[in-house]
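Student: Could you take me through one part of this structure up close? I'd like to see how a strand fits in with what surrounds it.

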Amino acid sequence: MSFHPLLLVLPDYPALIFFCFYCVCVFFFSYGIWPYNFFKKLGIPGPRPLPFIGTFHKYRNGVLKFDQRCYETYGKIWGIFDGRQPVMAILDPALIKTILVKEFYTYFTNRRDFGLNGNLDTAITVVVDDQWKKIRSALSPTFTSGRLKEVREDLAKTLLGPVCFP
């Protein structure tokens with residue numbers, strides 16, 4: 001009687017298949033929930049996400065109702081997940097000003113890229129890191145408050161001139 005060499009090494013083949021299947025399932029589930037501790041570690045409250053889909057299922061009654069419910073439950077700051085991507089909602093005007101004015105240049109250079117940019121792949125809203133900083137440093141002097149006031153006055157005279165300034 002002859003035996004296959006693999007059968008001598010692996011006598012309990014169904015148990016090995018079950019063990020491998022179990023390991024793959026554990027890995028798959030762990031991958032699905034891995035990023036969901038992000039806000040918990042930072043102490044930011046938010047609704048509990050489901051594996052892989054995050055908090056998308058909460059939008060079924062509408063985004064506005066979901067945001068209103070989160071504001072009532074968690075206050076002015078909460079964290080949600082779009083799939084596995086963490087998204088923080090902030091409703092405190094002072095904190096928003098700090099983020100958008102003071103810390104914007106340092107920490108918030110990258111945006112979400114959906115890959116639908118086409119010819120606009122070098123637009124300031126799409127580029128990342130050093131390329132974004134280079135474009136922003138070139139554009140910032142263009143949009144000072146004095147220059148914007150000049151443009152506003154010129155536009156008012158051009159567009160409303162015949163009506164308001166006879």
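Tutor: Let's look at strand β1 and its surroundings, starting with the whole chain.

This is a predicted model, in which local features need pLDDT of at least 70 and side-chain atom pairs count only at pLDDT 80 or more, while totals for chains, interfaces and linings use all residues. Residues are numbered from 1 along each chain as its sequence is written, and side-chain values use heavy atoms, with hydrogens and water left out.

The chain has eight helices and two strands; helices (H or I, at least four residues) and strands (E, at least two) are DSSP runs, numbered from the N terminus. Going from the N terminus, the order is α-α-α-α-β-β-α-α-α-α. As for burial, 16% of the 166 residues count as buried, where buried means under 20% relative accessible area, exposed over 50% and partly exposed in between (1.4 Å probe, protein chains only).

Now zoom in on β1 (77–82). This strand is mostly covered, with five of its six residues buried. Its partner is β2 (residues 85–90): the two run antiparallel and are joined by six bridges. Strands count as paired if DSSP finds at least two bridges between them. Two residues sit between the strands of this hairpin, and Gly83 there takes a positive phi near 70°.

Next, pick out Trp78. Across in β2, its bridge partner is Ala89. Leaving out residues up to four places away in sequence, Trp78 also touches a list of others, including Ile44, Pro45, Asp67, Cys70, Tyr71 and Leu91. Contact here means heavy atoms within 4.5 Å.

Trp78 and Ala89 turn up again in the largest nonpolar core, alongside Phe66, Cys70 and Ile80. Such a core is a set of buried Ala, Val, Leu, Ile, Met, Phe, Trp, Tyr and Cys residues joined through side-chain atoms within 4.5 Å. The elements giving two or more residues to this core are β1 and helix α4 (63–74).

How far can you trust this? Confidence comes as pLDDT, the predictor's score for each residue, from 0 to 100. Among the elements, α4 has the highest mean pLDDT (92), and helix α1 (residues 5–9) the lowest (55). Where pLDDT is low, the predicted coordinates should not be read in detail. Over the chain, the mean is 81, and 81% of residues reach 70 or more.
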